[in-house]
Amino acid sequence: MNEYDSNRIYESVSKIGYEKTEIFNEANCYILNTCHIRDKAKEKVYHEIGRVKKNFKSKEKPVVIVAGCVAQAENNEMIKREPYIDIVIGPQSYHKINDTILNYIKKEKKQEQTDFDTELKFDYFDKIKNNTSKISSFLTIQEGCDKFCKFCVVPYTRGPEYSRSFHIIIKEAKQLIKNGSKEITLLGQNVNAYCYKEKNKIFRLSDLIMALENIIELKRIRYTTSHPLDMTDDLIKCYEKSKKLVPFIHLPIQSGSNRVLKLMNRKHTVEYYLSVYEKLKKANPKIEFSSDFIIAYPGETEKDFDDTMKLVKKINFINSYSFIFSPRPGTAASNLKLIDNNIALKRLKLIQDELFNHQNLKNKIMENTTVDVLVENKIRNQNKFFGRTKYMTPVIFNGEKDMEGKIVPVLITSSNQNNLFGEIKLNKNTKVA
Ligand code: SAM
Ligand code: SF4
């Protein structure tokens with residue numbers, strides 16, 4: 001979502017004369033878009049500001065802006081800790097970014113914008129054309145969360161759940177497709193909680209998927225991140241009805257122990273998760289899953305961890321994210337007693353070995369088969385291309401000119417944990433979409 005937000009910020013600040021530069025040390029304005037989900041992310045921000053400070057030591061100081069969830073959570077404290085920062089602006093105040101920069105320049109007075117004005121923000125950005133021109137584009141449809149898992153900052157940094165207008169999303173999708181997008185990933189912190197009401201009609205994620213299905217130039221539809229509780233039957237049905245919705249779902253569970261899920265306030269059980277898994281597999285047996293795991297959540301016993309390992313062995317996740325619990329200030333779990341770090345690290349290693357092993361095997365199985373790859377770009381200075389399978393697996397392959405945006409058959413010749421490698425396999429009868 002930060003990638004989507006950053007592009008929208010660029011489009012906004014271009015109205016007051018700024019243009020994007022790849023030469024960092026020449027920038028007049030430096031915007032850091034930040035993530036606050038784990039503590040390391042916050043420390044990275046201060047580290048990065050330190051780097052900017054050093055690089056600009058003998059040059060005119062740029063306007064330094066911290067945007068995103070760290071800005072929202074830390075607000076003025078950031079400026080106190082690092083006076084090199086001039087502006088902090090939270091994710092629901094981006095519509096004010098131009099005025100905030102101009103005010104700062106005029107008055108040379110530090111600025112802080114951290115209100116939750118989600119509706120005003122989207123009203124503002126809806127009027128600015130989305131000029132992103134990528135083969136695979138992100139499109140935010142929903143923001144925020146009302147679920148309050150005890151470990152998570154999202155309800156505090158992104159605010160309450162908000163769903164954008166159905167018609168405006170479709171309009172923006174058409175614009176992205178006009179710009180060359182062949183794949184759209186619909187985004188939200190709880191994307192499948194999307195619910196837009198207009199007069200007597202309610203629009204859900206399934207309605208968006210089926211509306212996008214009808215746009216001929218669009219080849220693939222994805223969405224992320226979904227919550228198990230919002231995996232409703234209408235959405236599951238899309239896996240039978242839609243030809244463009246990819247058979248790959250990122251469905252976080254966090255733990256394989258009901259006791260830990262309860263401690264986390266996850267509001268679903270392992271059995272419920274498995275029932276959703278079964279329903280989806282029934283709708284399309286080719287669906288593959290990935291997930292998120294929090295390891296060593298306060299109170300997690302060896303037995304709880306074993307239950308998570310059992311779940312990982314039961315569901316062959318195609319890939320997954322696993323992190324040690326990171327206490328976030330202001331959340332319900334922030335002051336709970338932490339599990340010994342050595343135990344936490346041991347558990348993380350065990351689960352990651354298992355997950356990475358699955359991932360390696362899944363990729364190995366693909367060797368000597370031909371897969372459909374949506375070509376995203378040519379790799380710089382190489383005669384190779386980059387694309388992805390329906391399952392998001394990156395593929396690097398030898399190819400020909402003018403393939404970007406096409407779905408091509410690639411013969412997989414080798415693999416590692418993260419990538420597939422191969423050669424394009426075109427013959428007289430091959431149809432390229
Ligand atoms: N809304 C999605 C759900 O609940 O299924 C997840 C979105 S959350 C923004 C992304 C992931 O960050 C979570 O699934 C969780 O695994 C991880 N995460 C959030 N807070 C964390 C924390 N305090 N420590 C470690 N990981 C955390
Ligand atoms: Fe965070 Fe997801 Fe829980 Fe919401 S449902 S609080 S976004 S982990």
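At roughly what angle do the axes of α1 and helix α6 (residues 118-126) cross? They cross at roughly 65°, and the two axes come within 11 Å. Before going further, please keep in mind that this is a predicted model.

**The overall picture**

Let's step back to the whole protein for a moment. Its secondary structure comes to 14 helices and 19 strands. The chain has 433 residues, for which a compact globule would have a radius of gyration near 22 Å; the protein has 23 Å, which agrees. Taken along the principal axes, the C-alpha atoms fill a box of roughly 65 × 55 × 55 Å.

**Three helix pairs**

Here are the pairs side by side.

| Helix pair | Axes come within | Crossing angle |
|---|---|---|
| α1 and α5 | 9 Å | roughly 55° |
| α1 and α6 | 11 Å | roughly 65° |
| α10 and α12 | 8 Å | roughly 30° |

Helix α1 covers residues 2-13, and helix α5 covers residues 97-107. With a crossing at roughly 55°, α1 and α5 are therefore oblique to each other. Their crossing is right-handed. On the α1 side, I9, S12 and V13 take part in the contact, and they meet I97, N98 and I101 of α5. Sorted by class, the residues of this contact are four nonpolar, two polar and no charged.

The crossing of α1 with α6, in turn, is left-handed. Here R8, I9 and S12 of α1 meet Y124, F125 and D126 of α6. This contact divides into three nonpolar residues, one polar and two charged. If you are following α1 in the viewer, I9 and S12 are worth selecting: both belong to the contact with α5, and both belong to the contact with α6.

The third pair is made of helix α10 (residues 233-241) and helix α12 (residues 270-283). Why are these two called roughly parallel? Their axes cross at roughly 30°, and angles under 35 degrees count as roughly parallel, so the label applies to α10 and α12. D233, I236, Y239 and E240 in α10 meet K279, L280 and A283 in α12. By class, this contact holds four nonpolar, no polar and three charged residues.

**Around ligand 2**

Which residues are found around ligand 2? The shell includes three cysteines, C145, C149 and C152, together with F148, F151, V154 and P155. The other residues around ligand 2 are K147, N190, H227 and R266. By class, the shell divides into seven nonpolar, two polar and two charged residues.

**Two backbone details**

Two spots in the backbone deserve a look. As background, most residues other than glycine have a negative phi, and most peptide bonds are trans. The peptide bond from T224 to T225 is cis, with omega near 0°. T225 sits in the loop that runs between β11 (220-224) and α10. The other spot is A296, which has a positive phi of about 60° although it is not a glycine. A296 lies in the loop between β13 (288-295) and α13 (302-314).

Conventions:
Residues numbered from 1 in each chain as written. Chains lettered and ligands numbered in written order. Predicted model: local features only at pLDDT ≥ 70, side-chain atom pairs only at ≥ 80, totals over all residues. Heavy atoms only, no water. Axes fitted to C-alpha atoms, helices over the stretch in contact; angles between N-to-C directions. Helix = DSSP H or I, 4+ residues; strand = E, 2+ residues; numbered from the N terminus. Parallel < 35°, antiparallel > 145°, perpendicular 65-115°, else oblique. Left-handed = near helix turned anticlockwise from the far one by under 90°. Contact = heavy atoms within 4.5 Å. Nonpolar A, V, L, I, M, F, W, Y, C, P; charged D, E, K, R; others polar. Near = heavy atom within 4 Å. Rg over C-alpha atoms; globule rule 2.2 N^0.38 Å.
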